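Student: Please take one part of this model and go through it closely. I would like the packing of its elements, with the cut-offs behind each term.

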Amino acid sequence: VKYSMVHTLGGAKYASELSGVLATDAVLQGLTAAGMSWMDEGGATQLSRLLKHRLGVPKEHLPEVPEWTTENFFGSTFLAAQLEVDKALTRQRCQDPVKLRQDSYSCNRLLQTLLDMAPQRHEFYNDAVGLARAAVVAAPLHLEHWITLSAILAHPSMSKSRAAAAAVRKALTFNSTHPCLVGLGKVLGVYSGIGVSKQDLVAAFGGMNT
């Protein structure tokens, strides 16, 4: 959402302010409770639908300034981030390795947003692992991408510890002394003789055609 608004409004400053508007509107609509969402049944949403009822309202009919509690602040910012992520994933941003190389900064930011949200909703780990796989394919000698992919796969909700170990073992062939890789290898049993196969590495990338 932010990036699509940059071109329309003429600058990133306004796109950042948009997130604040959306977060405040979430509080005013009472959408900050767990499980609430702006998304319609098809998983899509439009800014016009979100804000239309706020536009053109006489000043005297505007709602009062919301009371910002810790719960409201967290819930509203989570929904604003969810909206941004949903738009990006619907447009399949950062899932093409070629385009990812051209837009690495915003793709890294999108991945970080997904990982920030994932502890609250584990389904976001599935989306994050897709972006992490694309990042490895886009820049296979960039060890940070291997570390991120392995760490996501190793999360208990993914149930892919062997695939994570296979990814770490492959990354160690590029650099066998990197402290993060060595640490992940120890945690995942790479140095203790855990048996990983070619199929485990295939699983780490989601299939043979990756």
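Tutor: What follows is a close look at the helix packing around helix 8, with two loop residues and the whole chain for context.

Some ground rules come first. This is a predicted model, in which local features need pLDDT of at least 70 and side-chain atom pairs count only at pLDDT 80 or more, while totals for chains, interfaces and linings use all residues. Residues are numbered from 1 along each chain as its sequence is written, and side-chain values use heavy atoms, with hydrogens and water left out.

The chain has eleven helices and zero strands. Helices are DSSP runs of H or I with at least four residues, strands are E runs of at least two, and both are numbered from the N terminus.

Start with helix 8, residues 143–153. Its partner here is helix 10, residues 179–188. The two axes come within 10 Å and cross at roughly 25°. Axes are lines fitted to C-alpha atoms, for helices over the stretch in contact, and angles run from 0 to 180 degrees between N-to-C directions. Helix 8 is therefore roughly parallel to helix 10. The classes are these: under 35 degrees is roughly parallel, over 145 roughly antiparallel, 65 to 115 roughly perpendicular, and the rest oblique. Helix 8 passes helix 10 in a left-handed crossing. That label means that the near helix is turned anticlockwise from the far one by less than a right angle; clockwise would be right-handed.

Which residues of helix 8 and helix 10 make the contact? Helix 8 supplies Leu143, Ile147 and Ser150. Helix 10 supplies Cys180, Leu181 and Leu184. Contact means heavy atoms within 4.5 Å. By class, there are five nonpolar residues, one polar and no charged. Nonpolar covers Ala, Val, Leu, Ile, Met, Phe, Trp, Tyr, Cys and Pro; charged covers Asp, Glu, Lys and Arg; the others, Gly among them, are polar.

His145 also sits in helix 8. Buried or exposed? His145 is buried, at a relative accessible area of 11%. The limits are under 20% for buried and over 50% for exposed, with partly exposed in between (1.4 Å probe, protein chains only). Setting aside neighbours within four places in sequence, His145 contacts Asn108, Ala135, Val136 and Ala139.

Now look at helix 6 (residues 104–117) and helix 7 (residues 123–138). They pack at an angle of about 155°, with axes 9 Å apart. Helix 6 and helix 7 are therefore roughly antiparallel. Here too the crossing of helix 6 past helix 7 is left-handed. From helix 6 come Leu110, Leu111, Leu114, Leu115 and Met117. They meet Phe124, Tyr125, Asp127, Ala128 and Leu131 of helix 7. That contact has nine nonpolar residues, no polar and one charged.

Two loop residues deserve a check. Ser159 follows in the loop between helix 8 and helix 9 (161–172). Its phi is positive, about 55°, although Ser159 is not a glycine. Ser159 is exposed, with a relative accessible area of 66%. Cys94 lies in the loop between helix 4 (70–90) and helix 5 (97–102). Cys94 is not a glycine either, yet has a positive phi of about 70°. Cys94 is buried, at 6% relative accessible area.

Last, the whole chain. Of its 210 residues, 40% count as buried. Among contacts with a separation of 6 or more, 65% join residues 24 or more positions apart.
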